[in-house]
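Hi everyone, thanks for coming. Let me put the structure up, and then we can walk through a few parts of it together.

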Amino acid sequence: MRQLSFNLVVLATEIKVPSGIAENLQVENINLTIESVFPIPSRRNKSISIALISWLQYTGMAEDIEYPLIIIYPRGIEATVFQLTDNRIIDVICEDDLGRLEFVFKKWILGDIRNPQLKKISAALAVDENAERLNLVIEASGAGVWDWNITTGEEYFSAKWCEIIGYNATDPGLEHTYNSWAERIHPEHKEYVFEALKKHLEFNKPYDVEYLHLHKSGEYRWQKSVGKALYDEVGRPVRMVGSIFDIHERKIAEANLKQNQAQYKKSNEIQQAIISAIPDLMLRISDNGIYLDFHAPEQSVLYKNPEEFIGKNVAEVLPDTIAEILMKGVKEVLQERKLIELEFELPHDGALLQLEGRLMPVNKDEVLVIIRDVTERKDAMERIKKEEERFQLMVENSNDVFVIAQPGKLHYVSPNIKKVLGYTEEEFGQLNLTEEVHADDLPLRWNELSEPGSSLQFEYRIKNKQNEWRWIESFGVNLSHLESVNGMVFNLRDVTEKKEKEAQIRQLNNALGQTVEQRTKELQKSEALLQEAERIAKLGSWESDLSTKEVTWSLELYDIFGLDSTKPVPSFAEQKRLYEPEDWEVLNKLVQRAIEFGEPYSVDLRMIRYDGSKGYLLARGEAKRNEDGVITRLVGIAKDITERKTAEALVAKLTNRLQQATKVSGVGVWEWNIKTNELIWDDTMYKVFGIAPENFTGLYEAWESTIYPEDLPLVKKEVEMSVSGAKDFDMEFRILWPDNTLRYIKGSGTVRKDANGHPEYMIGTNWDITESKKADELVREQRQTFEFILEQSFAGYWDWNVGSEYIYVSDTFKRMLGYENDPSFNTISSLRSIIDPDDREVLMGVTQEHFASRGEKPFYGEVRYRHKNGGTVWVITKGTTIKWDENGKPIRMIGCQIDITKRKMLEADIEKNRKELEAFSYSVSHDLRAPLRGIDGWSLALLEDYGTVLDEKAHQYLNRVRSETQRMGQLIDDLLQLSRVSRVDLNWSVVDFTALTEQVYKRMDDTIKERVVEVSIQKGMEVWGDIKMLDILLTNLLSNAVKFTGKCEVARIEIGKRMQGTTPVFYIKDNGAGFDMNHAKNLFGAFQRMHKQSEFPGTGIGLAIVHRIINIHFGTIWAEAQPGKGACFFFTLNVNKHS
Amino acid sequence: MEFKSILLVEDNLSDVDLAIRAFEKTGLMNPVFVVEDGKEALDYLFCTGQYFKRDQSDTPALILLDLKLPMVDGLSVLKQVRLNRLTKTVPVVILTSSNEETDIAAAYECYVNSYLRKPVDFTEFANIIQQLANYWLKLNILSPKPQ
């Protein structure tokens, strides 16, 4: 028996916790008690978390409560996440949901058994015995249980769950993971399910979804899934458990029901519609003329009570004449057994009804008669005939095309089609519109005109006969209910240019919105056809009989002027106020000319509508003559073109704006009328061409004459091509300004065609691109120069897209290696195969370092190639990566290589010579000195052993022998030093020149200790050089200074540095014997001496050594001296490096 | 008292005589044994060839070694001396005409004890011999005999 205790925290004293709740919640093996109930007084509607926190803080009991807490909160409060406040809180229950307590307890107990610390509920429920039992209960209800570990993505599916989707729980084909479930969801349902899941996890919205889920059989089955997430102490969802149900059958049944209902409803509606829609009278007559049956719509004028007919004879009901016709027909039908049509008139209510009858045999001796009242149609036909002429005129005068058609059948197309699309009426009739109309505009929206009486405006693009796209604006009306039309009437208007203007406007300013017209006027009578046609075209028409002075206006004409159509047509004089005075004058004259000379007219006029608003009108008129050729009538049309004019005005305004813009940007705009050869330039063009407007002839040739002669043929060709329509004008060319400066121009242009497809004019732009061209040229020039330099310097050039097998190698490169005639010598492997293997390794290492350091370490190497003829070619190869990707990977490398074989050979020679010289020097130092020591040694031995027997002179001679051998020894030593300074490797470093000088001088102390020498050494001198060499340098120079001041009473030696410009110059100055500059040409040559050996002994090699040290330190040395007045030696270091 | 010998390795006989002459002036009693090439020097030291009867343990008190020698050069002799258990502690002084840095460095690399340059001036040369003999044979304490 386990003892478990709870604390219940009740957030509002009003809430009553059911007594004995713990007893009701007994779970096997666990004794459950509710330890305490903490009712917290709180005002309703106050946030619970605040109440709870204040409770935890202020009751002082918070720390004492060691049991898990269950919070019960009052209704009407939106629960927030409590677990955040205290991890002892295991759940939060609304007071309305106290039934959930049991579930919460059980859940907690199961969690508590596994994890007494109540940190996390993490292990799977299924492994727990109690949970298993719970599962069984749930599954008995037909639900499949799932348990998703959100952290790991693993998901436990119960046996029932698996069964629902057709699997055995242990089936290896079913992965127990979230993904395995998610992937099975029908693609169209995924988004919805995941959204619900997300909402649940993030906002705790209920998760209850129905979706199609993939069954093992491969079909999708409906499933319902509900679930709930469990959160960790910081509010993260860690786990979610739930169940699924198979609701497939239910869903299918629901769907079927829905469909059936819909179908039923539909079929019922159809029947009703059919019945009520038949406008005709239906009779059934027997062969002897007895009415058997009678149906008539109630609203029909022919309606009679069926009883008046049935059982009676035809003749009893109908007038004799009609009965006769009818009976004749009946007989004919029964004999011929075919449908026949009859027409007859029936007096009715004082009018004569036009009737049309259709008779057809039914059964053996019965006839079905359908009678239709066609009175209105007949009348209309008459009127249409009368209107024919006006209609024709209107149609011909209009720019629009009228089409009457049914789907699949073209009844009529007005001849204007030729003007608009270039086709004849016959050709148009044979077109397959779906092939001619632009794919984006299909299907044509006339499908929407299925309802009689409905109208629609739509646009589409269609190819004309020249195969150009034209925009057509079409207004269509379904007049299929009018028998005279029996189809749809369309007005087609070519709006391509309007469209272009619109596009232009849209593009520039978005100013011109689309005007959308909606016309939904029911057409009742057939004369409406004309009216509608006029309305569609915004066309009014009129007719004036010159003899009777009778004038007729169409309704649309009234509309255009905003006049009341029920009033009589205004007289000619009255019409004056409908126009601007000037325009009225114009119209007046034109009308007079039409009357007098039969001249037709067409003019745009400014009109003033009845309401005072102003607009534009296109007025056309034409005189009609009678058979005798006398002008009797004037007919005409008027069209409201206000919108077009407004649009044009706007375009003009925008064009002006465009001009302003181009002026600023330096783009010149031109327009060339191809027919008249007239060329119009805007202001900028003059600037671009450097021509004053007054010097411009305004002809095409004026432009052509500016073009740089060399470019003229190309320009001409381009112009020809664009005029012929092959392409738009688009090129760069050069022009010469009047002052002969050469400018680069970029030109573009496009050709406009007239209605017949002939090029009419061309518009375009020209702008000056000289500056950018110059920059381009400069770049190109530099490139050429660069290539030239490379070529001249015998350098081979290479260019490699890193990683690719192909590498570009220049001709010089190939020639260097003997592959100038081998086109296949352009691969990495072909290069690799001829590089010396050792050098290849080194080069690869260098390449890797170069890449790894992102180019910091140079790609450089001296490598050996095997020449095609077998010899060795030494090259310096050097390269750099000029392009890297964003990850620092090299993309492109270029470089060059120079043949240094000769240099290498020379170096080898020099090395060999150096070795020989070294061996020579070595033997000189050894073998030349040994005998000298012998001579000296034995001379001394002679003096020591036989000194007593030698006279004074012999002593002198022997001493002379000794001093000469020692001088020779010195000479050899100096020569050795001279040779050594040229061949040692230097160790460069910063040398404290002052300290070094002091040190060298100190070494000489011995030789001068009996003399007075004042030495001044400047402080703080530093140089860059080899300290040993500088030591030798200073030793030689200082010992010279000391030597040549030997005869001075006070010797002064000064060592210092002074600046000559920016170059430091060092000097050693003494006040010694000096020398004659005239004999100082070879002062620094070996064995050059300026003094007698007896005065100042020396080998004459010292300054040669000095000179050589200065040389290897990239410096210069010179001297200034005068005999008896001392000498000064100047030198620089590290200045001649670049020479 | 028995004096340990001085081994002089020198191919120039004039130098040998001058050296002995200078040596005699020091008044030291050590016998000077002269060999004229490197091979003979090694034979003497390791008791091979013509010196096979010699007692190898009778190592010289000092070896004066020229670098430029017939057959085997001085540097090679020095290396062999330093490699041998009996001779490796014997003081070796290079006495040569060369003052090439490479020679000096190489000699010290081979653990030479001293490097001296023979001057042309015999007075100086005698002075050097005198000083080195004084130092190595009088002042300097030799390593005990190897066991």
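Let's begin with an open sheet in chain A: five strands, in the order S26-S25-S29-S28-S27, with antiparallel pairing. When I say strand or helix, I mean a DSSP run numbered from the N terminus, with at least two residues for a strand (E) and at least four for a helix (H or I). Two strands count as paired if DSSP finds at least two bridges between them.

Before going further, please note that this is a predicted model: local features need pLDDT of at least 70, side-chain atom pairs count only at pLDDT 80 or more, and totals for chains, interfaces and linings use all residues. Residues are numbered from 1 along each chain as its sequence is written, while chains are lettered from A and ligands numbered from 1 in the order in which they are written.

Back to our sheet. Which strands stand at the edges? They are S26 (678-681) and S27 (729-736) of chain A, each with a single partner strand, so one side of each has no neighbour in the sheet. On average, neighbouring strands here are turned by 25 degrees against each other, direction ignored. Inside the sheet, S28 (residues 742-753) and S29 (residues 759-768) of chain A pair antiparallel over nine bridges, and A:Lys746 has A:Trp767 in S29(A) as its bridge partner.

Helix H22 (residues 712-723) of chain A packs on this sheet, touching S27, S28 and S29 of chain A, and its direction makes about 150 degrees with that of S27(A). Contact means C-beta atoms, placed from the backbone, within 7 Å; axes are lines fitted to C-alpha atoms, for helices over the stretch in contact, and angles run from 0 to 180 degrees between N-to-C directions.

Now look at strand S38 (residues 1050-1060) of chain A. S38(A) pairs in parallel with S36 (residues 1012-1017) of chain A over six bridges, with A:Ala1051 as the partner of A:Val1013. S38(A) also pairs with S39 (residues 1063-1070) of chain A, antiparallel, over eight bridges. There, A:Gly1056 stands opposite A:Tyr1067 of S39(A). Two residues lie between the strands of this hairpin, and A:Gly1061 takes a positive phi near 70 degrees.

Last stop: where chains A and B meet. Each chain brings 15 residues to the contact. On the chain A side, helices H27 (901-946) and H28 (952-983) each supply at least two residues, and H27(A) gives the largest share, twelve residues.

Methods:
Two residues are in contact if their C-beta atoms, placed from the backbone, lie within 7 Å.
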